[in-house]
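I am opening a notebook page on this protein and its ligand. I will write down what I look up, one entry at a time.

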Amino acid sequence: MGTSAEPRVGIVMGSDSDLAVMEEAGAVLDELGVGYTTTIASAHRAPDLLRAWIRKAETQGIRVIIAGAGGAAHLAGVVASETLLPVIGVPLDSSALHGWDALLATVQMPAGVPVATMAIGKAGANNAGVLAARILALQDEGLAKRLVEYRAKMAQDVEKKAKELQDRGGAKRTPGFRPASNPSS
Ligand code: RP5
């Protein structure tokens, strides 16, 4: 995961243990041709480093920040309190509570300090990338076109899978499987 075209999205995560999931955000930005920069800067363990990264991001043309963290995930909220750039939060499953803690910590922001909170884990990281691209596409026609193509490809992929399933003869029931009888009938 690295920097591609001129970075317009800043991706920050609380630990290197978050990288495998947060790479998903970078992958979709790569696919859409959006430049990004990535760092690790914990709100709890390295607040000064985080603040310095935000200041640098603001002066270097970053337009959207994606922040992913697990556990008591205050990263996205702290970023949103430090900058006026839009912040997209990705709660991660990295504790005994499987991401519920991170989801609540990320989403329950006080009025006036918004964090656009995604789903827990890889789907959330992917959507963070897509949402960042959609925000940038408001002022970038080329990117808006690529997002239209991205959406069309998703539909084509589903159609292809449906056709493959049909060609295989459809979904087969497990031998011996009987649907539960409707208790009200
Ligand atoms: C959070 O604590 C990080 O975002 C990570 O998800 C979690 C665990 O971090 P490590 O102990 O693996 O560094 O701050």
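How far does a polar side-chain atom of S94 lie from an oxygen atom of the ligand? I find 2.7 Å for this pair. I count a polar contact as a pair of N or O atoms within 3.5 Å.

Entry on the source. I am working with a predicted model, where local features need pLDDT of at least 70 and side-chain atom pairs count only at pLDDT 80 or more, while totals for chains, interfaces and linings use all residues. I number residues from 1 along each chain as its sequence is written, and side-chain values use heavy atoms, with hydrogens and water left out.

Entry on the ligand. I looked up two further pairs with a ligand oxygen atom: a polar side-chain atom of S15 lies 2.6 Å away, and one of R45 lies 2.8 Å away. The ligand has 360 Å² of accessible area on its own, and the protein covers 69% of that (Shrake-Rupley method, 1.4 Å probe). Around the ligand I list G14, S15, S17, D18, R45, A69, G70 and S94, each with a heavy atom within 4 Å of it.

Entry on the pocket. The ligand sits in the largest pocket, which means that more than half of its atoms lie within 2 Å of the pocket's grid points. A pocket here is an open set of points on a 1 Å grid over the protein atoms alone, where a 1.4 Å probe fits, with protein on both sides within 12 Å along at least five of seven lines; lining residues have an atom within 4 Å of a point. The largest pocket holds about 240 Å³ of space. It is lined by 16 residues, and G14, H44, R45, A69 and G70 are the closest to its centre.

Definitions and conventions
Polar contact = N/O pair within 3.5 Å; in protein donor to acceptor, adjacent residues only side chain to side chain. Points joined across faces, edges and corners; volume = space filled by probe spheres on them.
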